[in-house]
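This report concerns the pockets of a single protein model and the residues that line them. Please consult the sequence and the structure shown here while reading.

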Amino acid sequence: MIQGNMNSDNTHIAGLTLDYGPFAWMERFNPDFQPFTADSAAGNFSFGHQPAAMQVSLETLGESIGCLVRAACQEQSDRYSTVDMINYLDEVNMIVQHEVLQEYAHAFEGMAQKKLGIAYFDDEVFQLWQELEALMHESGADYTMLFRSLSEVVSTSAQGEEAVNVIRPTLYDARVLLQRRGGGG
């Protein structure tokens, strides 16, 4: 499901999206897919930009927390120094700028492992994932069905042409497979 308007007023402090409208299911894979018609030109909330949209939402949250911290430190200047305030704000910024990105990368790797049916994630697997995304985009793969078909390939130990035949029905334009395999088109 794609959240069509995942901005700061629709994001929970735990990083969950709260407003499920407009939303849509993406059948034909397209990283630029966007169910929010008011954002169709910019694509700020498109499928491929959702990690960046969440980052902006968390930065906005960090700025809001910063305002609260500044106000609390000013109100209780006998308990909190300017240095305390600066250290705390630096910590919030570090979390938003670095730890969130690390957590996203970890979650992405876990998702890719599950979808590909592998037990590890490294540079080679990341390259495989990028190639698969390009294939999905070029062929207009049915996002959900392709991964279901890949699980069938793994469970039956299909290889070569047999494996290709299992995933072929999930592609809106299967000619892309032939072109990628040098079979013309």
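## Pockets of the predicted model

The largest pocket holds about 990 Å³ of space. Its lining is made up of 31 residues, of which F47, Q50, P51, Y104 and M111 lie closest to the centre of the pocket. Four elements each give two or more residues to this lining: α1 (50-75), α2 (82-116), α3 (123-139) and α4 (143-156). Among the elements, α2 provides the largest share, with 7 residues. The model described here is a predicted one.

Sorted by class, the residues around the largest pocket comprise 22 nonpolar, 6 polar and 3 charged.

The second largest pocket contains about 290 Å³ of space. It is lined by 11 residues, and those closest to its centre are L116, L128, L132, L135 and L150. Here at least two lining residues come from each of α3 and α4. The greatest contribution is that of α3, which gives 4 residues. In this lining, 9 residues are nonpolar and 2 are charged, while no polar residue is present.

The table below sets out the classes of lining residues for each pocket.

| Pocket | Nonpolar | Polar | Charged |
|---|---|---|---|
| Largest pocket | 22 residues | 6 residues | 3 residues |
| Second largest pocket | 9 residues | no residues | 2 residues |

Which element gives the most to the lining of the second largest pocket? That element is α3, whereas for the largest pocket the largest share comes from α2.

Conventions:
Residues numbered from 1 in each chain as written. Predicted model: local features only at pLDDT ≥ 70, side-chain atom pairs only at ≥ 80, totals over all residues. Heavy atoms only, no water. 1 Å grid on protein atoms, 1.4 Å probe; cavity = no way out; pocket = protein on both sides within 12 Å on 5 of 7 lines; lining within 4 Å. Points joined across faces, edges and corners; volume = space filled by probe spheres on them. Nonpolar A, V, L, I, M, F, W, Y, C, P; charged D, E, K, R; others polar.
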